[in-house]
Amino acid sequence: MSLFGQDRSFLEALSTQDRNALLAEGVRHVYEPGTVMIRERDTSAYVLVLLSGWAVVSISTERGTRLILALRGAGEVVGELATVDQGPRSATVTALGRVDAVSVSDTRFRLFLAARPHATSLIMRQLSARLRSADVERRSLASETVLQRLAARLAELAERAGRRGPDGTVLKIPLPQHDLAAAIGATREAVAKALRQLREQHVVRTGQRQVVVTDMEALLHLAQGRPPRPPAPGKKTSPGV
């Protein structure tokens with residue numbers, strides 16, 4: 001399961017000429033933290049090209065809770081599904097921090113794709129990757145424990161958006177416990193219990209809106225459903241990646 005898109009973003013995969021052409025089609029917007037950029041089930045007709053910052057993609061469940069599907073960052077496109085199939089929005093996109101983006105109308109975006117087969121191929125590949133990720137996510141929810149799912153999420157955040165510090169890998173995308181719970185389909189109480197287990201095993205350290213992975217190898221073992229390897233006698237715990 002993955003919160004992130006492909007290693008290479010949509011904008012990065014475009015030629016400089018096509019990238020500039022796409023950005024010229026839209027209007028630049030700045031979204032403050034917590035702003036809803038796209039709302040689930042809405043019939044608005046535009047895509048957002050993210051230039052900086054992080055956005056959270058989520059859906060509401062039948063129980064009235066929120067499930068986080070993905071994190072999207074600079075260079076990625078959100079809202080493209082409704083543009084392709086011309087249906088209502090399938091998810092809500094919210095600014096996690098300050099987000100700078102370009103809004104392109106659905107008509108202009110479709111014309112852009114129609115004139116550039118390579119760009120169309122990139123969008124199709126992006127949609128396919130997200131569908132595969134959703135399939136893996138459903139399997140994970142059905143077969144993995146909360147601790148296992150949380151370990152996998154934290155490992156991914158550390159690998160994809162971590163900053164090496166003196167005591168380990170500091171997660172640069174500080175998700176509060178309720179968002180971590182929404183990202184693995186668990187309750188906040190279950191996540192708090194799992195985090196306590198990780199702290200007790202000296203795998204992570206937590207602070208005010210901060211998580212530091214202090215033993216990446218142990219975290220990966222837990223994500224795979226295996227117990228962490230005990231440190232060798234006299235060997236200090238690995239600081240992570």
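## A walk from one helix packing to the next

In this predicted model, a good place to begin is where helix H6 meets helix H9: Leu147, Gln148, Ala151, Ala152, Leu154, Ala155, Ala158 and Glu159 from H6 are in contact with Met216, Leu219, Leu220, Leu222 and Ala223 from H9. Sorted by class, this contact between H6 and H9 holds 11 nonpolar residues, one polar and one charged. H6 covers residues 146–161 and H9 covers residues 216–223, and their axes lie 7 Å apart at an angle of about 135 degrees. That angle falls outside the ranges for roughly parallel, antiparallel or perpendicular pairs, so H6 is oblique to H9. If you look at the handedness of the crossing, H6 and H9 make a left-handed one.

Stay with H6 for a moment, and turn to helix H7. How do H6 and H7 lie relative to each other, and at what angle do their axes cross? The axes come within 10 Å and cross at roughly 105 degrees. Since angles of 65 to 115 degrees count as roughly perpendicular, H6 and H7 are therefore roughly perpendicular to each other. On the H6 side the residues involved are Val146, Arg149, Leu150, Arg153, Leu154 and Leu157, and on the H7 side they are Leu180, Ala183 and Ile184. By class, the contact of H6 with H7 has seven nonpolar residues, no polar ones and two charged ones. You may recognise Leu154, which is listed in the contact with H9 and also in the contact with H7.

H7 itself spans residues 177–184, and aspartate 179 is one of its residues. Is aspartate 179 buried or exposed? Its relative accessibility is 8%, and because buried means under 20%, aspartate 179 counts as buried. Setting aside neighbours within four places in sequence, aspartate 179 is in contact with Arg66 and Ile68.

Those two partners of aspartate 179, Arg66 and Ile68, carry numbers that fall within a stretch named in a record. UniProt, in an unreviewed entry, lists residues 10–113 as "domain: Cyclic nucleotide-binding". In the model, residues 10–113 are 26% helix and 39% strand, and the C-alpha atoms at the two ends of this stretch are 12 Å apart.

Within that stretch, have a look at methionine 37, which sits in strand S2 (residues 36–38). With a relative accessible area of 3%, methionine 37 is buried. Which residues does methionine 37 touch, not counting residues up to four places away in sequence? They are Tyr31, Tyr46, Leu48, Leu50, Ala55, Val93, Thr94, Ala95 and Val99. Methionine 37 and valine 56 are 19 residues apart in sequence, while their C-alpha atoms are 9.8 Å apart in space.

Follow the chain onward from S2 and you reach arginine 41, in the loop between S2 and strand S3 (46–52). Arginine 41 has a relative accessible area of 58%, which makes it exposed. Its backbone deserves a glance too. Most residues other than glycine have a negative phi. Arginine 41, though not a glycine, has a positive phi near 70 degrees.

Histidine 202 gives a second example of a positive phi in a residue other than glycine, with a value near 60 degrees. Histidine 202 lies in the loop between helix H8 (188–200) and strand S11 (204–207). At 57% relative accessibility, histidine 202 counts as exposed, because exposed means over 50%.

Notes:
Residues are numbered from 1 along each chain as its sequence is written. This is a predicted model: local features need pLDDT of at least 70, side-chain atom pairs count only at pLDDT 80 or more; totals for chains, interfaces and linings use all residues. Side-chain values use heavy atoms; hydrogens and water are left out. Helices (H or I, at least four residues) and strands (E, at least two) are DSSP runs, numbered from the N terminus. Buried means under 20% relative accessible area, exposed over 50%, partly exposed in between (1.4 Å probe, protein chains only). Contact means heavy atoms within 4.5 Å. Axes are lines fitted to C-alpha atoms, for helices over the stretch in contact, and angles run from 0 to 180 degrees between N-to-C directions. Angles under 35 degrees count as roughly parallel, over 145 as roughly antiparallel, 65 to 115 as roughly perpendicular and the rest as oblique. A crossing is left-handed if the near helix is turned anticlockwise from the far one by less than a right angle, and right-handed if clockwise. Ala, Val, Leu, Ile, Met, Phe, Trp, Tyr, Cys and Pro count as nonpolar, Asp, Glu, Lys and Arg as charged, and the others, Gly among them, as polar. UniProt positions are given in the numbering used here, feature names are shortened, and annotations may be inferred rather than shown by experiment.
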